[in-house]
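Here are my comments on the model you asked me to look over, set out as numbered points. Please keep the structure open beside the text while you read.

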Amino acid sequence: MNYQETLDYLFIKTPMFSQVGAAAYKEGLDTTIALAKAYEEPFKAYKTIHVAGTNGKGSTTHSIASVLQESGYKTGLYTSPHLKDFSERIRVNGKPIEQKYVVDFVEGSKELIESLKPSFFEITTIMAFKYFKDMGVDVAVIETGLGGRLDSTNIITPLVSIITNVSFDHIKQLGNTLEAIAGEKAGIIKPNVPAVIGEASANLRPIYESKGSPIVWAEDMEFPDVEFELKGLCQEKNLKTILAALEVLKLDLNITDDAIAKGLANVVKNTGLMGRWQTIGTEPLIIADTAHNEGGIRYIAEHLQKMMKSEAPKFTKLRIVFGMVKDKDISAVLALLPKDAVYYFCNAATQRSLPAKELQNMASGYGLKGNCYPTVKEAFASAKSDSDTSDLIYVGGSNFVVAEVL
């Protein structure tokens with residue numbers, strides 16, 4: 001098999017959550033443990049850092065990895081989903097996994113795949129763990145896929161467990177209350193392993209404290225100003241979480257303030273991060289962001305409104321290219337979006353995508369007006385065609401929408 005044939009095989013044989021949704025979700029760690037044993041538990045060959053949370057996981061993992069690279073550590077980074085190519089999920093010092101390695105790993109794992117029938121995320125997780133061992137990494141930053149307690153990544157014992165925040169997402173799998181969701185995220189906290197919690201209301205703190213491990217509450221800490229490459233209101237809170245985690249990591253790793261400054265100023269260059277308040281065009285200014293749930297969109301909407309009202313020079317018109325997938329709380333998101341924008345509703349090329357016409361109809365109930373388009377490409381092209389150089393275009397609502405624009 002070549003690289004594309006290998007990916008096609010994985011997509012067919014191993015259900016992928018980002019493509020089919022809940023049907024790909026497998027509860028429990030038995031399959032992952034069996035896969036890990038077959039490959040001699042490769043994650044024990046290096047130190048790890050574990051990151052969970054509803055929003056901010058990607059920014060947090062990439063930023064910590066960037067600092068570790070600046071500190072001289074050979075650094076693995078495992079994240080999901082990918083935006084343009086599968087190889088983005090598994091990186092060493094910012095470089096994506098080699099296509100040949102993916103092909104060889106899958107061909108060598110066919111018997112296991114056929115017998116254990118893992119999900120896409122389960123087999124990908126073990127691929128990442130083995131790749132990091134084979135590449136001789138010093139430390140790997142590992143992002144959970146969904147939840148925490150039963151997530152495939154939750155077979156590691158990290159230097160620190162990080163939970164960025166909790167809001168409503170994946171309620172069918174994680175629970176329909178914030179307490180239930182926090183309980184699932186808290187499942188990555190290991191005995192006697194310090195945990196850093198980015199944001200937690202008073203009623204959620206006992207859930208984390210019940211694990212009996214040392215807890216650092218990032219939002220209660222004060223840090224000196226530092227230049228952070230990632231922009232957007234949500235990144236102000238993410239930065240506190242990142243800095244708190246780095247303070248904990250200083251106990252085990254040689255991390256200097258200079259490495260922190262360089263790492264946080266060069267996240268994109270060092271790690272290849274995409275889709276986080278990313279500027280993809282000027283005149284008009286075009287911003288893309290992968291926020292796709294109530295918690296993430298709340299920050300996006302606030303930032304867009306702030307830019308339209310107070311930033312100089314002021315933008316003439318806000319245009320939003322927007323699509324969502326069917327299994328999100330779409331009404332909660334639509335209720336937050338600016339009503340004074342022009343919308344370009346679209347559906348991405350995935351079976352999970354909510355049809356543009358249906359999204360347009362739902363949005364009209366919240367005072368959001370605009371046309372609908374059969375593809376992201378057509379919606380984006382129309383937004384650019386309609387714009388003056390002084391307009392602001394925002395692209396978002398789904399990882400898939402941002403991926404197609406990028």
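**Notes on the predicted model**

1. I begin with a single loop residue: K117 is exposed, with a relative accessible area of 57%, where the cut-off for calling a residue exposed is over 50%. K117 lies in the loop between α5 (99–116) and α6, and K117 has a positive phi of about 50° although it is not a glycine. Most residues other than glycine have a negative phi. Please remember throughout that this is a predicted model.

2. A second residue can be read in the same way. N192 also has a positive phi, of about 65°, and is not a glycine; its place is in the loop between α8 (178–185) and β7. N192 is exposed as well, with a relative accessible area of 68%.

3. The helix that follows the loop of K117 deserves a careful look. Helix α6 runs over residues 120–134, which makes 15 residues, and it reaches 21 Å from its first C-alpha to its last, close to the 21 Å expected at 1.5 Å a residue. Is this helix largely enclosed by the rest of the structure, or largely open? Twelve of the 15 residues of α6 are buried, so the helix is largely enclosed. Among the buried residues are F120, F121, I123, I126, M127, F129, Y131 and F132, and the list also includes E122, T124 and T125. Just after α6, G136 takes a positive phi of about 65°.

4. Turning to the strands, I would trace one sheet from edge to edge. Eight strands form an open sheet in the order β4-β3-β2-β5-β1-β6-β7-β8, and the pairing in this sheet is mixed. The edge strands are β4 (95–96) and β8 (215–217), each of which pairs on one side only. Helix α10 (residues 233–249) lies across β1 (47–52), β6 (161–163), β7 (195–197) and β8, and α10 runs at about 165° to β7.

5. Within this sheet, one pair of neighbours can be followed residue by residue. Strand β2 (residues 75–78) and strand β3 (residues 90–92) pair in the antiparallel sense over three bridges, and Y78 stands opposite I90 in β3. In the loop between β2 and β3 we find P81, and the peptide bond that joins S80 and P81 is cis, with omega about -5°. Most peptide bonds are trans.

6. Another antiparallel pair is made by strand β9 (residues 278–281) and β10, again over three bridges, with T279 opposite I287 in β10. β9 and β10 form a hairpin with three residues between them, and in the turn E283 has a positive phi of about 50°. P284 lies in the loop between β9 and β10, and the peptide bond from E283 to P284 is cis, with omega near 5°.

7. Strand β10 has a further partner that should be checked on the structure. β10 and strand β14 (residues 392–396) pair in the parallel sense over four bridges, and L392 in β14 is the bridge partner of L285. Which residues cover the two faces of strand β10 (residues 285–288)? On one side are L285 and I287, on the other I286 and A288, and all of them are buried.

8. The aromatic side chains form a topic of their own, since the count comes to twelve aromatic pairs. In one of these pairs, the rings of Y343 and F345 have their centres 5.5 Å apart and their planes at 5°, so the pair is stacked, the cut-off for stacking being planes under 30 degrees apart. Y343 is buried, with a relative accessible area of 0%, and F345 is likewise buried, at 0%. Elsewhere, ring pairs link Y46, Y101, Y131 and F132 into a cluster, and Y131 and F132 are among the buried residues of α6.

9. Finally, two charged side chains are placed over rings. K110 lies over the face of Y9, at 5.1 Å from the ring centre, while the charged end of R205 sits over the ring of W217, 4.3 Å from its centre.

Notes:
Residues numbered from 1 in each chain as written. Predicted model: local features only at pLDDT ≥ 70, side-chain atom pairs only at ≥ 80, totals over all residues. Heavy atoms only, no water. Pairing = 2+ DSSP bridges. Contact = heavy atoms within 4.5 Å. Axes fitted to C-alpha atoms, helices over the stretch in contact; angles between N-to-C directions. Buried < 20%, exposed > 50% of the residue type's maximum accessible area, 1.4 Å probe, protein only. Expected span 1.5 Å × (residues − 1). Phe/Tyr/Trp six-rings, centres within 6.5 Å; stacked < 30°, edge-to-face > 60°. Lys NZ or Arg CZ within 6 Å of the ring centre and 35° of its normal.
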